[in-house]
Amino acid sequence: MNSAKIYRMNLGYSKRELVDACIDTVRANRLTSCYLRPIAFTAYGPMGLNPLKNKISVAIPLWEWGPYLGEEALSKGVRCMVSSWARIDSRSLPPQAKCSANYANSALAKMEAISAGYDEAIMLNGIGMVAEGPGENIFRVKDGILSTPPASSGILRGITRDTVIQFSRDLKITFYRNDFTREELFTSDELFFSGTAVGVNPIREVDGRKIGDGGYPVAKKLQRMYDQAIHGRLKRYTKWLTKV
Ligand SMILES: Cc1ncc(COP(=O)(O)O)c(C=O)c1O
């Protein structure tokens, strides 16, 4: 809904209607586990750069999807490179709107990382601070303090990021939203990604530097908690779940 607002899109459906349509779509497809990707787009109407008069269509595709970076990545962590592509900037393409156009930037970083033999990219913003992965938010642990770049650093404010932040409060882990630099990635005790597709995924290496001692105690704890919460095994968080 926020993305639509940023792009002046009148969806024509209430939040309740969209949520109900998501639930119906999962139910109709009889899937016990899937990735759901509601998408609004200007379909038909005049060609040109002014979509204001074009009708908005909404589609709700879904598909079965295993762990985004692979099963092994969840336990062993992933190898990353800092991308030579800077993250898009809110002065040009607002990163807080989940707009398809943003993913051209993500794809450039992802392709660069994969072609260079890494699992994933980490993108810096226009002033050289760490922003996020191509489709994941990033967290850092240093001396027992958990941190993640603020919304203003040019990131998508992911719902899994919010989830991890809530867990850190509940676990009484000291947490800050603060910018960090490329070299602070290397000197982290732990790094991990968060996202609906990726879950909570440790990062084991950045630009050929091993991260921490390879144990990831905080990331693993949050990963377990996330897995239990989304499967309804933690009573405290069942209020986040929607029964289908
Ligand atoms: C660029 C980007 N950052 C972060 C995320 C994580 O967001 P969420 O936790 O809402 O899935 C995504 C998810 O698609 C993303 O595309």
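The following questions and answers concern a predicted model.

Visitor: How are residues numbered, and what pLDDT do local features need?
Guide: Residues are numbered from 1 along each chain as its sequence is written, and side-chain values use heavy atoms, with hydrogens and water left out. In this predicted model, totals for chains, interfaces and linings use all residues, side-chain atom pairs count only at pLDDT 80 or more, and local features need pLDDT of at least 70.

Visitor: How many residues surround the ligand?
Guide: A residue is near a molecule if one of its heavy atoms lies within 4 Å of it. The closest residues to the ligand are Lys 98, Tyr 103, Glu 132, Thr 160 and Thr 196. The number of residues that surround the ligand is 15.

Visitor: How many residues of the shell around the ligand are polar?
Guide: Ala, Val, Leu, Ile, Met, Phe, Trp, Tyr, Cys and Pro count as nonpolar, Asp, Glu, Lys and Arg as charged, and the others, Gly among them, as polar. The shell has 4 nonpolar and 4 charged residues. The number of polar residues is 7.

Visitor: What percentage of the ligand's accessible area does the protein cover?
Guide: A polar contact is a pair of N or O atoms within 3.5 Å. An oxygen atom of the ligand is 2.6 Å from an N or O atom in the side chain of Thr 160, and an oxygen atom of the ligand is 2.8 Å from a polar backbone atom of Ile 159. On its own the ligand has 390 Å² of accessible area (Shrake-Rupley method, 1.4 Å probe), and the share covered by the protein is 93%.

Visitor: Which helix and which strand each supply at least two residues of the shell around the ligand?
Guide: Helices (H or I, at least four residues) and strands (E, at least two) are DSSP runs, numbered from the N terminus. The two elements are α5 (159-170) and β11 (190-195).

Visitor: Why is Cys 22 not bonded to the closest cysteine sulfur?
Guide: A disulfide is a pair of cysteine sulfur atoms within 2.5 Å, and a search of the whole structure finds 0 of them. The closest cysteine sulfur to that of Cys 22 is in Cys 34, which is too far for a bond because the distance is 9.6 Å.

Visitor: Which element supplies the largest share of the largest nonpolar core?
Guide: A nonpolar core is a set of buried Ala, Val, Leu, Ile, Met, Phe, Trp, Tyr and Cys residues joined through side-chain atoms within 4.5 Å. The largest one has 18 residues, and Ile 122 and Phe 193 are among those that touch the most other members. Elements that each supply at least two residues include β6 (120-124) and α6 (182-186). The largest share, 3 residues, comes from β5.

Visitor: Is Ile 203 buried or exposed?
Guide: Buried means under 20% relative accessible area, exposed over 50%, and partly exposed in between (1.4 Å probe, protein chains only). Ile 203 lies in strand β12. Because the relative accessible area of Ile 203 is 0%, this residue is buried.

Visitor: Where is Arg 30 found?
Guide: Arg 30 has a positive phi of about 55° although it is not a glycine. At 76% relative accessibility, Arg 30 counts as exposed. Its place is the loop between α2 (15-29) and β1 (35-36).

Visitor: What separates the C-alpha atoms of Arg 91 and Gly 154?
Guide: Arg 91 is in the loop between β5 and α4 (102-115). Along the chain, Arg 91 and Gly 154 are 63 residues apart. Their C-alpha atoms are separated by 9.8 Å.

Conventions:
A polar contact is a pair of N or O atoms within 3.5 Å; within protein, one must be able to donate a hydrogen and the other to accept it, and residues adjacent in sequence count only if both atoms are side-chain atoms.
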